[in-house]
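Biologist: Could you take a close look at one part of this protein with me? I would like to hear about a single helix and what lies around it.

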Amino acid sequence: MSDNSVDPSGNTEAFRAFTHNAPQEPAAPSKTPLIIGAVAVAVVLLALIVWLVA
């Protein structure tokens with residue numbers, strides 16, 4: 001039974017190719033919607049407080 005996968009530590013060239021072609025981590029999701037939502041909630045709460053006091 002033959003093994004079709006190549007061991008990247010088998011030789012230097014394969015190892016260097018393996019390390020240079022390693023999959024990148026996915027980018028972190030943007031926090032912009034979270035910030036916009038927090039600002040919107042703060043504005044609504046401030047307007048509610050002003051309406052209740054007036």
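Modeller: Happy to! One definition to begin with: the expected span of a helix is 1.5 Å times one less than its number of residues. Please keep in mind that this is a predicted model. The protein has two helices and zero strands, and the one I would pick is helix 2, which covers residues 32-53. From first C-alpha to last, the 22 residues of helix 2 reach 32 Å, close to the 32 Å expected.

How many of its 22 residues are buried in helix 2? The count is zero, so helix 2 is hardly covered, with buried meaning under 20% relative accessible area. That fits the whole protein, where 0% of the 54 residues count as buried. The protein exposes about 5,400 Å², and carbon and sulfur atoms supply 69% of that area.

Now for the nonpolar side. V41, a residue of helix 2, joins L45, L48, W51 and L52 in a nonpolar surface patch of about 560 Å². In an α-helix, residues three or four places apart point the same way, because there are 3.6 residues a turn.

Just ahead of the helix, S30 sits in the loop between helix 1 (12-20) and helix 2. S30 has a relative accessible area of 53%, so this serine counts as exposed. Its side chain makes a polar contact with the side chain of T32, at 3.1 Å.

How values were computed
Residues are numbered from 1 along each chain as its sequence is written. This is a predicted model: local features need pLDDT of at least 70, side-chain atom pairs count only at pLDDT 80 or more; totals for chains, interfaces and linings use all residues. Side-chain values use heavy atoms; hydrogens and water are left out. Patches are made of residues with over 30% relative accessible area and no salt bridge: like charges are joined within 9 Å, nonpolar side chains (Val, Leu, Ile, Met, Phe, Trp, Tyr) within 5 Å. Accessible areas come from the Shrake-Rupley method with a 1.4 Å probe; for residues, only the protein chains shown count as cover. A salt bridge is a side-chain nitrogen of Lys or Arg within 4 Å of a carboxyl oxygen of Asp or Glu. Helices (H or I, at least four residues) and strands (E, at least two) are DSSP runs, numbered from the N terminus. Buried means under 20% relative accessible area, exposed over 50%, partly exposed in between (1.4 Å probe, protein chains only). A polar contact is a pair of N or O atoms within 3.5 Å; within protein, one must be able to donate a hydrogen and the other to accept it, and residues adjacent in sequence count only if both atoms are side-chain atoms.
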